[in-house]
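Biologist: Would you please take a close look at the enclosed space inside this protein, and then at the charged side chains? A connected account, suited to a first-year student, would be most welcome.

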Amino acid sequence: MGNALVTGASKGIGKAIAEELAARKFNLLLVARSQGLLQAVAKDIIGKYKVEVDYLSTDLSSPNAAEQVFNWCKEKNYSIEILVNNAGYGLSGPMEKYSIAENTSMMQVNMITPVQLCQFFLPTLKQQKKAYILNIASSAAYQAVPYLSVYAGTKSFVLSYSRGLRQELKKTNVSV
């Protein structure tokens, strides 16, 4: 099988998706902030599923994070068949409780970096026989959520963006 890139892969849903892909014999490229957690997840998955796993510890709230991930894959000659944009987080409480920088950082991780990753990797994905993009949203994408206003807005964006991208790529080998 080919390579699957999973962001937010050190715990939770991202880790579970990585394990499911490994069980299906995909080699994994794991991305998250915590190098220690990534290292432990990689070791566990290699032991259980006998697939190749590499990881990159990086902060996806950095404006150049998507390019950094793409360049890492390019430098290591990793071609991906599956892109899983799972990394994300929410800040709870009144919006003004957080600084503009804190809200912007969350928007970067939840919206901007996933869009950039899709754009960077789409040419590679189109070269595969069959390829997939999975953008993780949230049930918060379906309604306004007081005290999670910015988070819910970012997840609404992810849902709408993914639906639109799916239609754009409908007649290609890339499924969204």
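Modeller: The largest cavity holds about 40 Å³ of space, in a model that is predicted. The structure contains three cavities of 30 Å³ or more. The lining of the largest cavity includes Leu 91, Gly 93, Pro 94, Met 95 and Tyr 98. Asn 103, Met 106, Leu 148, Ser 149, Val 150 and Tyr 151 also belong to this lining. By kind, the lining residues are eight nonpolar and three polar, with no charged residue among them. Two helices, helix 4 (100–126) and helix 5 (149–168), each contribute at least two residues to this lining. Helix 5 gives the most, with three residues.

Charged side chains must be sought elsewhere in the model, and Glu 19 is a suitable place to begin. This residue sits in helix 1, which spans residues 12–23. Glu 19 is buried and yet has no salt bridge. Its nearest side chain of opposite charge is that of Lys 48, 4.2 Å away. Because a salt bridge requires a side-chain nitrogen of Lys or Arg within 4 Å of a carboxyl oxygen of Asp or Glu, the separation of 4.2 Å leaves Glu 19 without one. Leaving aside residues up to four places away in sequence, Glu 19 touches Asp 44, Ile 45, Lys 48 and Tyr 49.

Lys 48 does form a salt bridge with Asp 44, at 3.4 Å from N to O. Lys 48 and Asp 44 are four residues apart in helix 2 (residues 35–49), so about one helical turn separates them. Asp 44 is partly exposed, with a relative accessible area of 31%.

By the same rule, the count of salt bridges comes to three. One of them joins Arg 24 to Glu 20, where the closest N and O atoms are 2.9 Å apart. Arg 24 counts as exposed, at 52% relative accessibility, whereas Glu 20 is partly exposed at 41%.

Another salt bridge is that between Lys 76 and Asp 54, at 2.9 Å from N to O. This pair links distant parts of the chain, with the two positions 22 residues apart in numbering. Lys 76 lies in the loop between helix 3 (65–75) and strand 4 (80–85), while Asp 54 belongs to strand 3 (residues 53–57). Lys 76 is partly exposed, with a relative accessible area of 41%, but Asp 54 is buried at 15%.

Methods: Residues numbered from 1 in each chain as written. Predicted model: local features only at pLDDT ≥ 70, side-chain atom pairs only at ≥ 80, totals over all residues. Heavy atoms only, no water. 1 Å grid on protein atoms, 1.4 Å probe; cavity = no way out; pocket = protein on both sides within 12 Å on 5 of 7 lines; lining within 4 Å. Points joined across faces, edges and corners; volume = space filled by probe spheres on them. Nonpolar A, V, L, I, M, F, W, Y, C, P; charged D, E, K, R; others polar. Buried < 20%, exposed > 50% of the residue type's maximum accessible area, 1.4 Å probe, protein only. Lys, Arg positive; Asp, Glu negative; His and termini not counted. Contact = heavy atoms within 4.5 Å.
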